[in-house]
Amino acid sequence: MTSGHILEARNLVKRFGDFEAVKGIDVAIDRGESFGFLGPNGAGKTSTMRMISAISQPTDGTIEIFGLDPRVDGPEIRRRLGVVPQEDSLELELSVKNNLLMYGRYFDLPRRVIRERTTELLEFTQLSERANDKVDNLSGGMKRRLTIARGLMNRPEILILDEPTTGLDPQARHLLWDRLYRLKREGVTLIITTHYMDEAEQLCDRLVVMDQGKIVAEGAPRALIERFSTREVVELRFATDDHEQYFNQFTKFADRVEVLPDRILLYVNDGDDALRDVHAAGIAPASALVRRSSLEDVFLHLTGRSLTD
Amino acid sequence: MLTRALPLFGSRRSVRVLERNALVYRSQWLMLLSGFFEPLFYLLSLSIGLNKLVGPLHIDGHAFSYATFVAPGMLATSAMNGAMIDSIFNPFFRLKISRTYDALLATPLEVTDIALGEVLWALVRATLYAASFIICMALLGDARSPWVILCWPGAILTSFAFSCFGLAVCTYIRSWQDFDLVALVQMPLFLFSGTFFPITLYPRWLGAIISFSPLYQSAALLRGFSLGQFDWIMIMRASYLLVIALVGLYVASRRFQKILTP
Ligand SMILES: Nc1ncnc2c1ncn2[C@@H]1O[C@H](COP(=O)(O)OP(=O)(O)OP(=O)(O)O)[C@@H](O)[C@H]1O
Ligand SMILES: [Mg+2]
């Protein structure tokens, strides 16, 4: 049952006891594509990633990776995957270098090859100076970088990254993005989860938004924005702890209104126009900002427990 | 409905777990040395001290010194203790506290490889410790027969049984408090398994219970080798240990699977 996709999952279900964390999702990812999973905490992203990494077994449904079945060819599939899990799970007692050495050994790489790649990977993750330090003594962000380096040790065909940049400073984040672009150009397939919408917009050709174990939207970032949001957004803040009281006042100015704890979002076609109307109606917000819609707005619209609609 | 074609036991890949442990313990060689010397000190003190206090024993019409009697028991006990520490304490930490194994599961290794790898690691150490113990036994004159050499595979079999059993036990441990429970079981096993005196001294019913103790079976097996007294029942004893090993490893593998990839 070869599908032509490098990875294909059908009706994927993951249950933990009575709780259904993933409720029958379908994904098909092409070779060389970079594919994103977005969703709020507990949406089922990590559960899904672990299944498509051939690590955990689906409760129901089928997965095909490289045309192989993880239930039969798990080791062979994982040999060709790179995984950056959400939790680092590094060897705290070992040095940075030995962490990479051991990880390479799990893939049966010869020590000489591991040494070469270690030098290169430590340079990329800017950990060369810390090569001989015990991992326990690294900062959180450094550990994260080491986990990323580790995931690249076996030169994977598919790289699966679960919130790779959480805990990274902006510079390290951009370094990783650069590296991911490069890998993509080299033909590596990327599968990413993230809570950073800018990251998703930058990195993903295509993404799905998950909520409560289901896929609620799928498409290219731009297409999703066009479909689920307006062209522009007006952000208003008032000097109050309770923005909800303003909700009714604004429905007439916008296609859609979202009330967040600290601000109100007006979804409109022309932001400046809308803001002028607001001012004309004698409403004086403490601050106002007009911006273009982003994935953030799609995310909010699809998964936010908003008061609108 | 989705039954995974997980192999019954680990594969050749389990050697990587061995490699990992060797790398981690390289910096902790002092701990490795203590594993060497502890049983040897016991042997030395018993051979030199107790031999003088306790006169020759007569069992089944044979007479021999107390040290000759107790040395194989000590070997069995140290094989048990070493295996239990290696397979309960450390794997528990890796399984539930440091979550070391999680990273291994993203590599070609299978859960069964991890379980088998931990057992192999325990066996490598057991092999070295047993060898040094048996050499000392011979040097101190506590062995009566050249067949004492068979104590070596015998002790390794003992370690195999206890490390597999221990690994299965380790998966049921919820917190550090549960280790007290393990000690509570291990203590009487240690004291009543015919390691210090023959179980023929116990009432019949107690002897019958004790014969289920793998430590007793191991001690009896090793004693047979060191005295050069062979008996068909020794095949039963060895088989009993082997069955414990295989059942233990099987249970441990399944439990690892359940815990690591729920
Ligand atoms: N081992 C487990 N046992 C029981 N429930 C679990 C287990 N792992 C995950 N869950 C539950 O499954 C749901 C989905 O969890 P998952 O980790 O997949 O979410 P996520 O989308 O990755 O969230 P986050 O953004 O916080 O990482 C959660 O409600 C979680 O509590
Ligand atoms: Mg997650």
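**Around the magnesium ion and the cores**

T46(A) is partly exposed, with a relative accessible area of 27% (buried is under 20%, exposed over 50%, partly exposed in between, using a 1.4 Å probe and protein chains only). This is a predicted model, where local features need pLDDT of at least 70, side-chain atom pairs count only at pLDDT 80 or more, and totals for chains, interfaces and linings use all residues. Residues are numbered from 1 along each chain as its sequence is written, chains are lettered from A and ligands numbered from 1 in written order, and side-chain values use heavy atoms, leaving out hydrogens and water.

The magnesium ion (ligand 2) is held by T46(A) through OG1 and Q86(A) through OE1, at 1.9 to 2.1 Å (donors are N, O and S atoms within 2.8 Å of the metal, or 3.2 Å for Na, K and Ca; water is not among the atoms, so sites may look incomplete). Q86(A) is partly exposed too, at 35% relative accessible area.

Ligand 1 has its own link to this pair: one of its oxygen atoms is 2.7 Å from a side-chain N or O atom of T46(A), and an oxygen is 2.9 Å from one in Q86(A) (a polar contact is a pair of N or O atoms within 3.5 Å; within protein, one must be able to donate a hydrogen and the other to accept it, and residues adjacent in sequence count only if both atoms are side-chain atoms).

As for the cores, L180(A) touches L159(A), L161(A), L190(A) and L203(A), leaving aside neighbours within four places in sequence (contact means heavy atoms within 4.5 Å).
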